[in-house]
Amino acid sequence: MAFESLSERLNKAFKNISGQGKLTEKNMNDMLKEVRMSLLEADVNYEVVKSFVENVKEKALGQEVLDSLNPSQMVVKIVHDELQVLLGEEDARIHFKKQGMTTVMMVGLQGTGKTTASAKIANYCKNKLARRVLLVACDVVRPAAIEQLQTLGKSIDVEVFTCGPETSAVETARQALAYAKDRQKDLVIFDTAGRLHIDEALMQELQQMKDLVVPDEILLTVDAMTGQDIVTVAKEFNEQLSVTGLIVTKMDGDARGGGLLSVRSITNVPVLFVSNGEKVDDLEEFHPDRMADRILGMGDIVTLVEQAQDKLDIEVQKKTAERMKQGVFTFNDLLAQLGQVSKMGSMQKMMNMIPGINKVAKNLDDEKMNSQMKKSEAIILSMTEYERENPSCLKASRKNRIAKGAGVKVMDVNRLINQLEQMQMMTKMMSGKVKLPDMAALQNMQRGGGMPGMSKHSGSKKQKPKKKKKKK
């Protein structure tokens, strides 16, 4: 994930002063040296790093920090605030007209994910802001660009306007404006052509389109994987087109993130969104303060809650909660919860947002967890409705049939039954139907003995208690 290496290095730098009772210029310089190296290795612009370190040092060696009871925490706060200044002190948003049609031009080099980003923003504006959106396919240069946008538009139920690859991009834009006005669209997004590099022909076409459309926003897509090239590309586009905002794509890759930290302070162009996946709803509003939290390993619980509200089915959650209050939790409930978790996407990404847990998130294997979830779903779907609601009926013959139907082994079925039984016991404890286990029972559970009062379904026969020998 982006910033992972930077987060580790910065946290290591803070640990060097956390154990020391007093902040001195010496240990401060040692910490700042580590911070400087970590930022440079993350591919942050040298001038930006120099200015950043000087600002942190000036504020950290102030009297308020030196006299504080916990100077290391004060330094972390100063670094956090300076990171936020780099990223932008305020949230940036698309500026919509109070009346009439808002127009947005999407620009960028080829391969930065511009067409996908256009669809993601259309999906965001349609679902979150209740906008009547029209996508316009103005990329008549790249083969299959129009078909790609049409496919994406269909998947999010947003209309795509095109005149075909034979018509010029400027003429397509002209006709699209008239079409959108007739159909009372209030947001029109123009997906323009890109090139492998900035050239005169590209800029001339974009300038002609800008003069025709007079866009309210010109959004530039930049690839997080390109490092310092983000700054170069943003500067050139901004000089010629006056870009109003940035969309940073591929943030879920192994980008070091330095370009994102540099581009705001050098170009003064704010970041509006970050794209962190291939799905159409993998788009996040950019919040500088939350991003600073993530970089310093503090998580981002607010964004996680917002994503949960958007993606989770509230009715399903309410129904499960009511059943759990009654002490009921069956395979149908487990199946519903597995479906909800899969909607949230990457487990590693979610755990990265939770403070404390985010430090162990990198040890998670998303692929393995997804595979296990799919296996569990297959096992439950191989059961009859009666078996899902009455797991206690699952004897050897039924287990064999379920295992064959799901393409798994009987031991996998037993494992899932064990997991359900543990969840059932926790549910009954929360509902007050079962007393909390004592310390001896908890120790037995830790040793793998399962929940008290529950069978283990290990597949092995239960041993009969030995009869006491009669005294002769």
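These notebook entries record what I looked up on one helix packing and on the aromatic pairs.

**Entry 1: the model.** I note at the outset that the model is predicted.

**Entry 2: helix 10 and helix 11.** I looked up how helix 10 (residues 229–241) packs with helix 11 (residues 258–267), and I found an angle of about 30 degrees, with the axes 9 Å apart. Angles under 35 degrees count as roughly parallel, and helix 10 and helix 11 are therefore roughly parallel to each other. I recorded their crossing as right-handed. On the helix 10 side, I listed Ile230, Val231, Ala234, Lys235 and Asn238 as making the contact. Helix 11 contributes Gly259, Leu260, Ser262, Val263, Ile266 and Thr267. Sorted by class, the contact comprises six nonpolar, four polar and one charged residues.

**Entry 3: aromatic pairs.** I found two aromatic pairs in the structure. For Tyr124 and Phe273, the ring centres are 5.0 Å apart and the planes stand at 75 degrees, so I entered the pair as edge-to-face. Tyr124 belongs to helix 6 (residues 114–128) and Phe273 to strand 7 (residues 271–275); the pair links distant parts of the chain, 149 residues apart. I then checked accessibility: Tyr124, at 10% relative accessibility, counts as buried, and Phe273, at 3%, counts as buried.

Phe161 and Tyr179 also form an aromatic pair, which I entered as tilted, with 5.0 Å centre to centre and 45 degrees between the planes. Phe161 lies in strand 3 (residues 159–161) and Tyr179 in helix 8 (residues 169–182), so this pair ties together parts 18 residues apart in sequence. I noted Phe161 as buried, and Tyr179 likewise.

Note on methods. Residues numbered from 1 in each chain as written. Predicted model: local features only at pLDDT ≥ 70, side-chain atom pairs only at ≥ 80, totals over all residues. Heavy atoms only, no water. Axes fitted to C-alpha atoms, helices over the stretch in contact; angles between N-to-C directions. Helix = DSSP H or I, 4+ residues; strand = E, 2+ residues; numbered from the N terminus. Parallel < 35°, antiparallel > 145°, perpendicular 65-115°, else oblique. Left-handed = near helix turned anticlockwise from the far one by under 90°. Contact = heavy atoms within 4.5 Å. Nonpolar A, V, L, I, M, F, W, Y, C, P; charged D, E, K, R; others polar. Phe/Tyr/Trp six-rings, centres within 6.5 Å; stacked < 30°, edge-to-face > 60°. Buried < 20%, exposed > 50% of the residue type's maximum accessible area, 1.4 Å probe, protein only.
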